[in-house]
Amino acid sequence: MTCALAPAPTVTGPLDVLGVPGQINLDYAASAPCAQVAADAVTELLPWYASVHRGAGALSQRCTLAYERARQSVGDFLGARPDDHVVFTRNTTDALNLLARALPTGTTVVTFGGEHHANLLPWPRGPVRLPVPDHPAGAVRALDAALGELRRGCDREPPVLVAVTGASNVTGERWPLAELARVARRHRARIAVDAAQLAPHAPVDIRTLDVDYLAVSGHKLYAPFGAGVLVGRADWLDAAPPYLAGGGATSHVGVATHDVRWVTGPARHEAGTPNLLGAVALAAVCDALADADRAALHHTEQQLLSRLRDGLAELPHAVELHAFGPDAPRVGIVSFVLAGRDSAEVAARLARQHRIGVRDGLFCAHPLARRLLTEASTRSGRRDLPATALRASIGLGSTREHVDRLLAALTTLD
Ligand SMILES: Cc1ncc(COP(=O)(O)O)c(C=O)c1O
């Protein structure tokens with residue numbers, strides 16, 4: 001069966017998103033659609049497209065200016081302190097790997113088991129991995145206890161980094177960042193936030209949260225072209241070996257192989273020709289979001305999210321996954337299973353028969369997703385839950401019709 005959809009509304013505002021009429025995209029958590037403002041920024045710059053930091057020509061000069069302005073915009077959007085570095089990367093995975101390489105020797109990293117693989121796997125020596133508690137307050141207590149233990153009887157106080165997500169890509173649940181940051185401070189630890197899923201849905205400000213590092217992905221923030229960013233404290237970044245060795249990261253290269261001087265600042269870790277269009281697209285979205293009424297956007301998204309979750313709760317075979325409980329604050333992401341139905345097959349049928357795009361699998365957060373599937377089975381008393389889940393995620397441009405079409409399609413699966 002196929003279904004006809006009304007054409008997408010004419011794009012009018014900077015934060016309207018592009019899309020293909022007839023296709024319902026409910027997979028924003030993987031990659032969000034492109035915002036009009038990002039498309040416009042790229043279109044405007046394309047005729048000028050040239051090298052960055054490498055040419056004296058007018059085109060190159062303009063591109064260099066655009067790249068550095070983009071850095072300023074993204075930094076401002078994320079509340080960067082004057083002495084923070086704003087380093088462009090490919091995405092959040094890249095940003096966290098960069099931070100992992102910049103840790104001083106002997107740093108202990110503390111994470112929770114609910115992290116996306118991007119925030120579980122890059123850390124050297126294997127991080128201390130705390131179990132995911134069943135309530136946000138439990139996370140704060142667990143971190144306090146773990147850091148207290150790490151610091152106990154330690155005269156030298158080696159560096160400690162807490163690496164935690166802002167919002168889970170599996171459940172959408174928000175983590176208590178400000179409280180976790182306070183605990184980290186009390187124990188003289190630094191804290192890095194994987195804001196890949198939080199930043200598209202809510203303001204994230206490094207200063208207000210009082211955290212040390214933030215990582216985001218442009219492609220989840222309505223900006224295509226594969227740029228991400230790491231924002232944070234300059235000292236570790238300036239002291240670390242360059243993440244990428246090559247042109248642009250050096251001030252001097254002599255004849256002898258060891259005769260290299262690396263620059264400090266963001267350029268130290270950005271060797272090679274940068275992703276100008278990605279940076280400019282991301283900055284355009286950041287500027288537009290900074291000007292937008294984010295409380296109103298949040299309200300609209302939460303209404304849609306409630307509609308989606310309420311609708312799922314009414315389906316007799318649907319079971320939602322959650323770690324913190326049904327009422328915990330969350331962003332527009334819902335993972336669920338249909339008892340007795342293979343999730344990959346359901347996702348394929350939604351795509352083929354209803355032109356609805358959702359995600360299925362374990363969402364690159366295998367430890368958490370597996371645990372939540374087991375708990376969902378216990379909670380629901382169903383022994384026929386599948387081994388993987390479905391995920392629907394929403395954001396700018398999502399409508400009641402999109403949500404209702406998904407719910408209707410799930411009802412009619414035979
Ligand atoms: C919470 C979270 N962190 C990190 C990542 C990695 O993002 P990227 O693939 O853009 O590097 C994702 C991707 O889904 C995510 O959801």
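Two residues are said to be in contact, or to touch, when they have heavy atoms within 4.5 Å of each other. The model shown here is predicted, and for that reason local features need pLDDT of at least 70 and side-chain atom pairs count only at pLDDT 80 or more, while totals for chains, interfaces and linings use all residues. Residues are numbered from 1 along each chain as its sequence is written, and side-chain values use heavy atoms, with hydrogens and water left out.

**View 1. The whole protein chain, with its 12 helices and 15 strands.** Helices (H or I, at least four residues) and strands (E, at least two) are DSSP runs that are numbered from the N terminus. The protein chain is as compact as a globular protein of 414 residues, because its radius of gyration, 22 Å, is close to the 22 Å given by the globule rule; the radius is taken over C-alpha atoms, and the rule is 2.2 Å times the number of residues to the power 0.38. Along the principal axes, the C-alpha atoms fill a box of roughly 70 × 60 × 40 Å. Of the 414 residues, 56% count as buried, where buried means under 20% relative accessible area, exposed means over 50%, and partly exposed is in between (1.4 Å probe, protein chains only). Among contacts between residues at least 6 apart in sequence, 70% join residues at least 24 apart.

**View 2. Helix α1 (residues 36–45) and its packing partners.** Helix α1 is largely enclosed by the rest of the structure, because seven of its 10 residues are buried. The buried residues are Q36, V37, A38, A39, A41, V42 and L45, and they pack against α2 (58–77) and α8 (276–291).

**View 3. The surroundings of D194 in strand β6 (residues 190–194).** Not counting residues up to four places away in sequence, D194 touches T92, L96, H116, N119, V164, T165, G166 and A215. Although D194 is buried, it has no salt bridge, and K220, the nearest side chain of opposite charge, is 8.3 Å away. A salt bridge is a side-chain nitrogen of Lys or Arg within 4 Å of a carboxyl oxygen of Asp or Glu; Lys and Arg count as positive and Asp and Glu as negative, while His and the chain ends are not counted.

**View 4. The loop that holds A256, between β9 (250–253) and β10 (260–262).** In this loop A256 is partly exposed, with a relative accessible area of 33%. A256 and I206 are 50 residues apart along the chain, and their C-alpha atoms are separated by 41 Å.
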